[in-house]
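Here is a short set of exercises to work through with the model open beside you. Try each task before reading its solution.

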Amino acid sequence: MLDTLKDYSSVRLGLRSWTEVQEYLVNCKGIILPIGSIEQHGPTGAIETDALTAESISNEVARRTGVLVSPPQVFGMAEHHLGFPGTMSLRPETLIMVVHDLVISLAKNGFERIYFINGHGGNIATLKAAFHQIYATALEKNLAVGPKLRCKLNSWFLVPEVYRLANELYGDKEGKHATPSEISLTLHLEPSLLSKHHSLPDPAPAGPITNYEDFRKRHPDGRMGSDPYLAKPMHGELFLEKASIALSEDLLNFLSQP
Ligand code: NI
């Protein structure tokens, strides 16, 4: 369990039996699916950053709303980070197929609203492409939930309240990758990470992204314009709260739409 202060056992799909899931579906057809990435986060950040953040915020949204949360899809599309050891990426076409199969599995048994809480900017385009593939399959295979099936993606770091707080705390040192906001959240969730938290020289500015060799040339230590040393565990607690309040509201709206 990531956040030992709170109990998420009642909202985790993975801890339910199939009979309990069947009962849940009578009243709610929604589920949260956390999606992250396993990729370098600069010389002081954890490889699992995007998976940790997406999972913890998803658990907290589930606790606040009572909507079930799936085990996380920790691997994402991180091709441009492959120049750094520890990165594990799914190619865009693989991620499309994985997400497609997971959603169709849920839909076959009655889930109609799939809410993705995302921790990695590189997943966004691929997930949107996957949703179109999912809708086509649901129609062509005549799934019972077909016409009602909806997927939605929301990235916690793009929530306006989160964005504003990051700007107030860090200004332009927030940068675009290995940001102090995401690193704060990981320090709050996993205090052992404080042991590698130290100051760094000025980062390379954020530039265009092509292949992983070009990425490493432009961003030699993996950071894109960020100063993760500004991160603090107590900031992470605030980001967790702001993101989960806003995403809970967004999720409830999504579930109430016809
Ligand atoms: Ni990240």
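**Exercise 1. Sort the residues that line the largest cavity by class, then name them and find the volume they enclose.**

Solution. Start with the classes: the lining has 4 nonpolar, 4 polar and 1 charged residues. Here Ala, Val, Leu, Ile, Met, Phe, Trp, Tyr, Cys and Pro count as nonpolar, Asp, Glu, Lys and Arg as charged, and the others, Gly among them, as polar.

Before going on, note that this is a predicted model, in which local features need pLDDT of at least 70 and side-chain atom pairs count only at pLDDT 80 or more, while totals for chains, interfaces and linings use all residues. Residues are numbered from 1 along each chain as its sequence is written, and side-chain values use heavy atoms, leaving out hydrogens and water.

Next, the names: Thr44, Gly45, Ala46, Ile183, Thr186, Leu187, Leu193, Lys196 and His197 form the lining. A cavity is a set of points on a 1 Å grid over the protein atoms alone where a 1.4 Å probe fits but cannot get out, and lining residues have an atom within 4 Å of a point.

Last, the volume: about 40 Å³ of space lies in this cavity. It is the space filled by probe spheres set on the points, which are joined across faces, edges and corners. Searching the whole structure gives 1 cavity of 30 Å³ or more.

**Exercise 2. How many residues of helix α6 are buried, and what do they pack against?**

Solution. Helix α6 spans residues 180-189, and 10 of its 10 residues are buried, meaning under 20% relative accessible area with a 1.4 Å probe, protein chains only. Helices are DSSP runs (H or I, at least four residues), numbered from the N terminus. Among the buried residues are Ile183, Thr186 and Leu187, which also belong to the cavity lining. The partners in packing are α2 (49-65), α5 (160-170) and α8, with contact taken as heavy atoms within 4.5 Å.

**Exercise 3. Why is Cys28 not bonded to Cys151?**

Solution. First, the count: the structure holds 0 disulfides, a disulfide being a pair of cysteine sulfur atoms within 2.5 Å. Then the distance: the closest cysteine sulfur to that of Cys28 is in Cys151, 15 Å away, which is too far for a bond. Finally, accessibility: Cys28 is buried at a relative accessible area of 17%, and Cys151 is buried at 10%.

How values were computed: On a 1 Å grid over the protein atoms alone, a cavity is a set of points where a 1.4 Å probe fits but cannot get out, and a pocket is an open set with protein on both sides within 12 Å along at least five of seven lines; lining residues have an atom within 4 Å of a point. Buried means under 20% relative accessible area, exposed over 50%, partly exposed in between (1.4 Å probe, protein chains only). Helices (H or I, at least four residues) and strands (E, at least two) are DSSP runs, numbered from the N terminus.
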